[in-house]
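This report describes selected surface and loop features of one protein chain. Please read it alongside the sequence and the structure shown below.

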Amino acid sequence: MTLQEYEYARESPSKLAASCLLLALTMKNLGGWTPTLEYYSGYSAQDLHPLVKRLNFLFTYQPRNKLNAVRSKYSHRVFFEVAKVTPMDMLKLEEALTSC
């Protein structure tokens, strides 16, 4: 989804990937940012918090009537229907990130 948004082009790909992973871990309640993830990614959880919030906002308030190819592709069971996952409530995400 970020490929379609120009504002994410200035983010480093590694930071964007790490932030997506942290958001996915948080959304699925699979734990937080571990020391191993911090070591191998080079990012602390606090480094990623602002971008994670922006990603969740993008996921929550995306226009539904434009650029549906990505959503359609990732709604397929081959890709585990990740486009159908409900976004996190912004307040719950904030609470989860502060506990990381």
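Val78 sits in the loop that runs between α4 (69-73) and α5 (90-98). The model is a predicted one, and the values given here are computed from it. Val78 has a relative accessibility of 55% and therefore counts as exposed, the cut-off for that class being over 50%.

Val78 also contributes to a nonpolar surface patch, together with Tyr74, Phe79, Phe80 and Val82. The area of this patch is about 500 Å².

Phe80, one of the patch residues, is likewise placed in the loop between α4 and α5. With a relative accessibility of 73%, Phe80 counts as exposed. Its backbone deserves separate mention: phi of Phe80 is near 60 degrees, which is a positive value in a residue other than glycine.

Glu81 is found in the loop between α4 and α5 as well. For Glu81, phi is near 50 degrees, again a positive value in a residue that is not glycine. How exposed is Glu81? At 34% relative accessibility, Glu81 counts as partly exposed, because that class covers values from 20% up to 50%.

The following table collects the accessibility of residues discussed in this report.

| Residue | Relative accessibility | Class |
|---|---|---|
| Val78 | 55% | exposed |
| Phe80 | 73% | exposed |
| Glu81 | 34% | partly exposed |
| Asn29 | 71% | exposed |
| Tyr39 | 64% | exposed |
| Tyr40 | 68% | exposed |

Another loop, between α1 (13-27) and α2 (35-41), holds Asn29. The relative accessible area of Asn29 is 71%, so this residue is exposed. Where does Asn29 stand with respect to Leu91? In sequence, Asn29 and Leu91 are 62 residues apart, and their C-alpha atoms are 15 Å apart in space.

The aromatic side chains form a further topic. How many aromatic pairs does the structure hold? There are three aromatic pairs. One of them joins Tyr39 and Tyr40, with 4.9 Å from centre to centre and 85 degrees between the planes. This pair is edge-to-face, because an angle over 60 degrees between the planes places a pair in that class. Both partners are exposed: Tyr39 has a relative accessible area of 64%, and Tyr40 has a relative accessibility of 68%.

In summary, the loop between α4 and α5 contains Val78, Phe80 and Glu81. Of these residues, Val78 and Phe80 take part in the nonpolar surface patch, while Phe80 and Glu81 have positive phi values.

Note on methods: Residues are numbered from 1 along each chain as its sequence is written. This is a predicted model: local features need pLDDT of at least 70, side-chain atom pairs count only at pLDDT 80 or more; totals for chains, interfaces and linings use all residues. Side-chain values use heavy atoms; hydrogens and water are left out. Rings of Phe, Tyr and Trp (its six-membered ring) pair if their centres lie within 6.5 Å; planes under 30 degrees apart count as stacked, over 60 as edge-to-face and the rest as tilted. Buried means under 20% relative accessible area, exposed over 50%, partly exposed in between (1.4 Å probe, protein chains only). Helices (H or I, at least four residues) and strands (E, at least two) are DSSP runs, numbered from the N terminus. Patches are made of residues with over 30% relative accessible area and no salt bridge: like charges are joined within 9 Å, nonpolar side chains (Val, Leu, Ile, Met, Phe, Trp, Tyr) within 5 Å. Accessible areas come from the Shrake-Rupley method with a 1.4 Å probe; for residues, only the protein chains shown count as cover. A salt bridge is a side-chain nitrogen of Lys or Arg within 4 Å of a carboxyl oxygen of Asp or Glu.
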